Each structure stands twice: as structure tokens, then as C-alpha cells.
Amino acid sequence: MAHVPHAQQLGMQVVQVRRDACTAKIPYDVKLVGDPDTGVVHGGVITSLLDNTSGVAVTCALDEFRTMATLDLRIDYMHPATPGADIFGYCHCFKVTRNVAFVRGTAYHDSPDNPIATSMASFMLGTKGSSVHRYSQETAK
Amino acid sequence: MTLLNSLMNSEGPINLHNLLAKIPYAQMLGMDVHRMGLEITTVLPFRQTNVGNPTLPALHGGAVAGFLEMTAIIELLARTDNKVLPKPIDISIDYLRSGKPMETYARATVTKHGRRVSNVQVLAWQSDPEHPIARLHGHFFLKPTETS
């Protein structure tokens, strides 16, 4: 994530990686606010966190490095993020086929049992061009 | 006074440019908006801080998604007399092409405008609207106004 400019812009940091999963966080910052009346961060911040963390989870789940591209990403917003609180994203790559990887994710403050949002993403594997997810994994290690 | 109330004080339609100027996240992306009659087009200028893959280079999928979501919110605000910002319930994004390091445009279509929920589609493109780079569809919660 240290090599992903937009992740840097949002203050995104990897917290933990596992064999097929990744946890990352975005500390609260006023520049991320989407509703100035309430101080709640914009949905795009949550989407970026879950998108990027999902990509790292896929890289973790693969035996060797492969390039990838997000095919689709679905986000369900459960409740607004609390102003002032850090946001965590936990994403688990639960299936890898020859061409596609599938990832579920949750954004939360204190516990994944009380999600701010959940996500489902699929990634096409072996796309042309290089991917920054390689750097993300190296950083995480 | 709330943000929307302060922008609605003057006669005529809500000034979308002033709205974006007061939303920190939209400012961080660098978003702007152009209104030509009923047609609203949003613009995401190229910024290094919106890049997700510096080697290609390509825009970050999350930055594109945030841009599309904000475009949907703007379209809904322009069409309603909402006193609060519409809130996303769910969004689904199809990534069609990688976002090149250049200006990106988006336009939203309200597929169904309900009393409490609206269904919105947004398309983003760069050089050619016939070759969109991403598509969002989603549901947004609208707080009913006093009159509805």
C-alpha cells in the first residue's frame, strides 16, 4: 500500500496479513469527510479501503505472483462510519479458480460483527501489465 | 444551518459547484461539475494522488468508485428538493477498462425515483463515451422532505 498513491492519500495502512486474508485501516481525517454537517467520511473512502484490501488478500492467497484486475465490486452500507474513529477493513479471498479470485470483505470500527459496510469482489487473474499488489504484499511482509 | 440549506437560500437551482467546494472528499479527488440545462456532467481531473497502479499507470478503483458515487449524489440533489444528502444503501461497480492518467467524466441516470429510495446508474468515460471505463448502479436513501 506504500506504493499505491491513492492508498497513501487516504492514509491506508496494512495491519495484518494471513494466508488468504488482509486487514488494513484508514485513520479518521477531516479531508475524507463526505457530509460536512455530520463529519461522516464519504462512501468512496470505504470503497477504496475494501477494494485495495481485497486485492492484497488475493495476492496473499496466490502461490505465485500474478497480475490482476478488479472485475466488479459490490458494497452494502450498513451504517454510517463514526466521525473521529479509525476504519478497519478485513478481506478474505475464499476462492481462487484458474482465472478468477473471489473476495468477501467487511469494514468496521471495533468489531467485524458490527459492520459499517460489507463487500464482494471478483478479480480477473493474469491480466496484462504489472500490478502494484506485488508491492503491497512485500510491504505487508 | 445545514450545508444544503445554506446553498438553497438563493433563488433557482442548487449551485452544484459550491456544493462540491464544501465537501472535503470531493475536493481531495479534485472533482468539478458542469451543468448544461438538465444535463449534468462531473469531471475528475488527473491527479497523481488518484492513482492506484503507478507502473501502468492506472487510476485507483476506489477513487473511480468514489467519483461515481458522488456523481449519483449530485444528480439526485439536482432533481429533488432534498434537505439532506442522499445516503448510499448499496453500490455495485463494473470495471470495464483501466482508468488512464487523463481526465475522466461521468453522467448519472436515475432509473427509478421512489419516495424513499432511488435507483441510479452512472457511467464514467475518458476520451470516448462509447468506451466507458466503469459503471456504477446503486440504491440511495432519500430522506423525505416535509412536504412529501
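## A tour of the predicted model, starting at a hairpin

Select strands 1 and 2 of chain A: they make a hairpin, and three residues sit between them. This is a predicted model, so keep that in mind as you click around. Strand 1 covers residues 13–17 and strand 2 covers residues 21–26; the two run antiparallel and are joined by four bridges. To check the register, label V14(A) and look across to its bridge partner in strand 2, A24(A).

**Zoom out to chain A**

Show chain A as a cartoon and count along with me: three helices and eight strands. Going along the sequence, the order is α-β-β-β-β-α-β-β-β-β-α. Draw a box along the principal axes and the C-alpha atoms of chain A fill roughly 45 × 25 × 25 Å. The radius of gyration is 14 Å, which agrees with the value near 14 Å for a compact globule of 141 residues. Colour by burial next, and 47% of the 141 residues in chain A come up as buried. If you have a contact map handy, take the contacts of chain A with a separation of 6 or more: 69% of them link residues 24 or more positions apart.

**Strands 6, 7 and 8 of chain A**

Now select residues 87–96 and 100–108 of chain A, which are strands 6 and 7; these run antiparallel with eight bridges joining them. Here is another hairpin, with three residues making the connection from strand 6 to strand 7. Label V96(A) and you'll find its bridge partner, A101(A), in strand 7. Add residues 117–125, strand 8 of chain A: strand 7 pairs with this strand too, antiparallel, over eight bridges. For a marker on that side, pick F102(A), which stands opposite S122(A) of strand 8.

**Across to chain B**

Turn chain B on and select the contact, where chain A and chain B put in 34 residues each. On the chain A side, the elements giving two or more residues are helix 1 (5–10), strand 3 (33–35), helix 2 (43–61) and strand 5 (68–77). Which of them gives the most? Strand 5 of chain A does, with nine residues. Colour this side by class and you get 13 nonpolar, 14 polar and seven charged residues.

Stay on strand 5 of chain A and add residues 87–95 of chain B, its strand 5: the two strands pair antiparallel across the chains, over five bridges. R74(A) is a good one to label here, as its bridge partner is S92(B).

**One residue in helix 1**

Next, centre on Q9(A), which lies in helix 1 of chain A. Is Q9(A) buried or exposed? Buried, because 21 other C-beta atoms lie within 10 Å, and the cut-off for that label is 20 or more. Beyond its neighbours within four places in sequence, the contacts of Q9(A) are M28(B) and T49(B). For a distance check, draw a line from Q9(A) to G84(A): C-alpha to C-alpha it is 18 Å, with 75 residues of sequence separation.

**Last stop: the nonpolar core**

Finally, select the largest nonpolar core, a set of 76 residues. I46(A), A57(A), F67(B) and L68(B) have the most contacts inside this core. Helix 4 of chain B, residues 61–79, supplies the largest share, at 10 residues. Centre on F67(B) and show what it touches outside the four places either side in sequence: L29(B), M31(B), L44(B), T104(B), A106(B) and A124(B). As general background, nonpolar side chains tend to be buried together in soluble globular proteins.

How values were computed: Residues are numbered from 1 along each chain as its sequence is written. Chains are lettered from A and ligands numbered from 1 in the order in which they are written. This is a predicted model: local features need pLDDT of at least 70, side-chain atom pairs count only at pLDDT 80 or more; totals for chains, interfaces and linings use all residues. A nonpolar core is a set of buried Ala, Val, Leu, Ile, Met, Phe, Trp, Tyr and Cys residues joined through C-beta atoms within 7 Å. A residue is buried if 20 or more other C-beta atoms lie within 10 Å of its own, exposed if 12 or fewer, and partly exposed in between; C-beta atoms are placed from the backbone. Two residues are in contact if their C-beta atoms, placed from the backbone, lie within 7 Å. Two strands pair if DSSP finds at least two bridges between them. Ala, Val, Leu, Ile, Met, Phe, Trp, Tyr, Cys and Pro count as nonpolar, Asp, Glu, Lys and Arg as charged, and the others, Gly among them, as polar. The radius of gyration is taken over C-alpha atoms; the globule rule is 2.2 Å times the number of residues to the power 0.38.
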